[in-house]
Amino acid sequence: VARSQAASGASTAALRTLDSLIASQPGFADAYDVMGRVQMEQGHLDKALQAFGQACALTPNSITRLQKQGMLAFAMGDRELAARSLGRASLVGSASKLFDCQSLVLLAFERFREKDRKALQRCASALARASERQGGDRRIERFGTVIGVLVALLDRKVEPALGSLREMAG
């Protein structure tokens with residue numbers, strides 16, 4: 001019902017339905033997913049992040065939920081939560097078809113910020129494996145280039161990084 005209400009634009013009614021559902025069934029993870037989506041649509045990102053956090057707490061190995069939480073946390077500047085969620089998603093599901101390699105790119109930015117070369121290299125290696133599995137996916141190739149730039153910058157190889165950036169900009 002809440003999904004239908006949200007899809008028809010009745011966000012307030014959807015939130016009431018979800019509040020009632022969560023009150024009666026606090027372990028129903030799907031309700032938190034829908035709640036998070038509706039909260040995001042209304043611009044309440046902090047509440048959406050809370051809802052995604054509840055869904056992750058109920059299903060700690062859910063790749064898609066960990067990625068939603070991690071990507072939103074990254075966008076909101078919660079770097080610690082982003083790294084934790086995206087790292088867990090990568091660990092649990094990097095070989096899964098449900099895994100979005102964009103998570104590796106965001107995690108790579110966090111590892112770069114932390115100046116953790118080994119962890120950054122693990123992101124690059126995981127992306128290389130995904131590229132092999134998906135053969136010729138331009139999106140994943142671009143992701144690989146971005147992570148390659150981060151590795152080069154961390155290694156203080158500015159010219160190769162600039163070359164890659166110029167090529168991407170072209």
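Reader: In this predicted model, is E132 buried or exposed?
Author: E132 lies in helix 8. Its relative accessibility is 67%. The cut-off for exposed is over 50%. By that cut-off, E132 counts as exposed.

Reader: How far apart are the C-alpha atoms of E132 and G53?
Author: Along the chain, E132 and G53 are 79 residues apart. In space, their C-alpha atoms are separated by 32 Å.

Reader: How are helix 5 and helix 6 oriented to each other?
Author: Helix 5 covers residues 63–76 and helix 6 covers residues 79–93. Their axes come within 8 Å and cross at roughly 155 degrees. Angles over 145 degrees count as roughly antiparallel. Helix 5 and helix 6 are therefore roughly antiparallel.

Reader: What is the handedness of the crossing where helix 5 passes helix 6?
Author: Two packed helices are described by the angle between their axes and the distance between the axes. For helix 5 and helix 6, the angle is roughly 155 degrees. The crossing of this pair is left-handed.

Reader: How are helix 3 and helix 5 oriented to each other?
Author: Helix 3 spans residues 29–41. It packs with helix 5 at about 30 degrees, the axes being 12 Å apart. Their crossing is left-handed. Angles under 35 degrees count as roughly parallel, so helix 3 and helix 5 are roughly parallel.

Reader: Which residues are linked with R65 in a network of salt bridges?
Author: The count for the model comes to ten salt bridges. One network of salt bridges includes R65. Its partners in that network are D30 and D33.

Reader: Which residue meets D100 in a salt bridge?
Author: The closest approach is given as 2.9 Å, N to O, between the side chains of D100 and R139. The pair links distant parts of the chain, 39 residues apart. D100 is in the loop between helix 6 and helix 7, and its partner is in helix 9. That partner is R139.

Reader: What exposure class do D100 and R139 fall into?
Author: D100 has a relative accessible area of 23%. R139 has 32% relative accessibility. Buried means under 20% and exposed means over 50%. Both D100 and R139 are therefore partly exposed.

Reader: How many residues apart are E110 and R113 in helix 7?
Author: E110 forms a salt bridge with R113, the closest N and O atoms being 3.3 Å apart. The two are separated by about one helical turn, because their spacing in helix 7 is three residues.

Reader: Is E110 buried or exposed?
Author: R113, its salt-bridge partner, is partly exposed at 45% relative accessible area. E110 has a relative accessible area of 1%. The cut-off for buried is under 20%. E110 is therefore buried.

Reader: In which helix do E141 and R138 both lie?
Author: Their side chains meet in a salt bridge at 2.9 Å, N to O. E141 is partly exposed, with a relative accessible area of 32%. E141 and R138 are three residues apart, about one turn of the helix. Both lie in helix 9.

Reader: What is phi of K115 near?
Author: Most residues other than glycine have a negative phi. K115 has a positive value and is not a glycine. K115 sits in the loop between helix 7 (102–113) and helix 8 (117–134) and counts as exposed at 65% relative accessibility. Its phi is near 60 degrees.

Reader: Where does R156 lie?
Author: R156 has a positive phi of about 60 degrees, although it is not a glycine. R156 is exposed, with a relative accessible area of 75%. It lies in the loop between helix 9 (138–154) and helix 10.

Reader: Which helix gives the largest share of the nonpolar patch?
Author: The surface patch is made by L153, V158, L162, L165 and M168. Its area is about 370 Å². Four residues come from one helix, spanning residues 158–169. That is helix 10.

Reader: What is the relative accessible area of V158?
Author: V158 lies in helix 10 and is one of the patch residues. Patch residues need over 30% relative accessible area. V158 is partly exposed, with a value of 44%.

Conventions. Residues are numbered from 1 along each chain as its sequence is written. This is a predicted model: local features need pLDDT of at least 70, side-chain atom pairs count only at pLDDT 80 or more; totals for chains, interfaces and linings use all residues. Side-chain values use heavy atoms; hydrogens and water are left out. Patches are made of residues with over 30% relative accessible area and no salt bridge: like charges are joined within 9 Å, nonpolar side chains (Val, Leu, Ile, Met, Phe, Trp, Tyr) within 5 Å. Accessible areas come from the Shrake-Rupley method with a 1.4 Å probe; for residues, only the protein chains shown count as cover. A salt bridge is a side-chain nitrogen of Lys or Arg within 4 Å of a carboxyl oxygen of Asp or Glu. Buried means under 20% relative accessible area, exposed over 50%, partly exposed in between (1.4 Å probe, protein chains only). Axes are lines fitted to C-alpha atoms, for helices over the stretch in contact, and angles run from 0 to 180 degrees between N-to-C directions. Angles under 35 degrees count as roughly parallel, over 145 as roughly antiparallel, 65 to 115 as roughly perpendicular and the rest as oblique. A crossing is left-handed if the near helix is turned anticlockwise from the far one by less than a right angle, and right-handed if clockwise.
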